[in-house]
Amino acid sequence: MMVTQRNLGRIETGLLERRAFLASHAASDSDRAAIGRIDAALTRIRRGTYGCCAQCGGPIEELRLRKLPETPLCLTCTLGRS
Ligand SMILES: [Zn+2]
């Protein structure tokens, strides 16, 4: 696991704040989809699997997690899927 416990706490706080914001404004399908991705990321944090790619199991790039904290996939798998 490359994400430190301290970073994980910060990421979780950020996700919860964004979730609350989206939940109060959510009107579009994409907002609801974003909430779903955030919930999945929060579940991974609680299970201790956050930061591991859901497809290949490898570590998700730290920079990528900083930009897209709710992403379930590493860059390679994301590009491979598109
Ligand atoms: Zn992957």
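The crossing of helices H1 and H2 is left-handed in this predicted model, and the fitted axes of H1 (residues 5-25) and H2 (residues 29-47) come within 10 Å while crossing at roughly 155°. Because angles over 145 degrees count as roughly antiparallel, H1 and H2 are described as roughly antiparallel to each other.

The residues that make this pairing can be listed from both sides. From H1, Leu8, Glu12, Leu15, Arg18, Arg19, Leu22, Ala23 and His25 take part, and they meet Asp31, Ala34, Ile35, Ile38, Ala41, Leu42 and Ile45 of H2. Sorted by class, the contact of H1 with H2 comprises ten nonpolar residues, one polar residue and four charged residues. As general background, an α-helix has 3.6 residues a turn, so residues three or four places apart point the same way.

Each of the two helices can also be checked for its length. For H1, a rise of 1.5 Å a residue predicts a span of 30 Å for 21 residues, and because the end C-alpha atoms are 30 Å apart, the two values agree. H2, with 19 residues, reaches 27 Å from its first C-alpha to its last, which is close to the 27 Å expected at 1.5 Å a residue. Despite the listed contacts with H2, H1 is hardly covered, with a count of one buried residue among its 21 residues.

Leu8 gives a closer view of the pairing from the side of H1, the helix in which it is found. Leaving aside neighbours within four places in sequence, Leu8 is in contact with Val3, Ile45 and Tyr50, and Ile45 is one of the H2 residues in the helix contact. Although Leu8 and Ile45 stand 37 residues apart along the chain, their C-alpha atoms are separated by 7.4 Å. With 15 C-beta neighbours inside 10 Å, Leu8 nevertheless counts as partly exposed, because a residue is classed as buried if 20 or more other C-beta atoms lie within that distance.

Beyond the pair, the chain continues past H2, and just after that helix Gly48 takes a positive phi of about 80°. Thr49 is found in the loop between H2 and helix H3 (62-67), Leu63 lies in H3, and Thr76 has its place in helix H4 (residues 75-81). The table sets out C-alpha separations for pairs that include these residues, together with the pair of Leu8 and Ile45.

| Pair | Separation along the chain | C-alpha to C-alpha distance |
|---|---|---|
| Leu8 and Ile45 | 37 residues | 7.4 Å |
| Thr76 and Glu61 | 15 residues | 9.8 Å |
| Thr49 and Leu68 | 19 residues | 16 Å |
| Leu63 and Ala33 | 30 residues | 22 Å |

The exposure of these residues follows from their neighbour counts. Thr49 counts as partly exposed because it has 14 C-beta neighbours inside 10 Å, and Thr76, with 14 C-beta neighbours inside 10 Å, is likewise partly exposed. Leu63 has 9 C-beta neighbours inside 10 Å and therefore counts as exposed, since the class of exposed residues takes in those with 12 or fewer.

Notes. Residues are numbered from 1 along each chain as its sequence is written. This is a predicted model: local features need pLDDT of at least 70, side-chain atom pairs count only at pLDDT 80 or more; totals for chains, interfaces and linings use all residues. Helices (H or I, at least four residues) and strands (E, at least two) are DSSP runs, numbered from the N terminus. The expected span of a helix is 1.5 Å times one less than its number of residues. Axes are lines fitted to C-alpha atoms, for helices over the stretch in contact, and angles run from 0 to 180 degrees between N-to-C directions. Angles under 35 degrees count as roughly parallel, over 145 as roughly antiparallel, 65 to 115 as roughly perpendicular and the rest as oblique. A crossing is left-handed if the near helix is turned anticlockwise from the far one by less than a right angle, and right-handed if clockwise. Two residues are in contact if their C-beta atoms, placed from the backbone, lie within 7 Å. Ala, Val, Leu, Ile, Met, Phe, Trp, Tyr, Cys and Pro count as nonpolar, Asp, Glu, Lys and Arg as charged, and the others, Gly among them, as polar.
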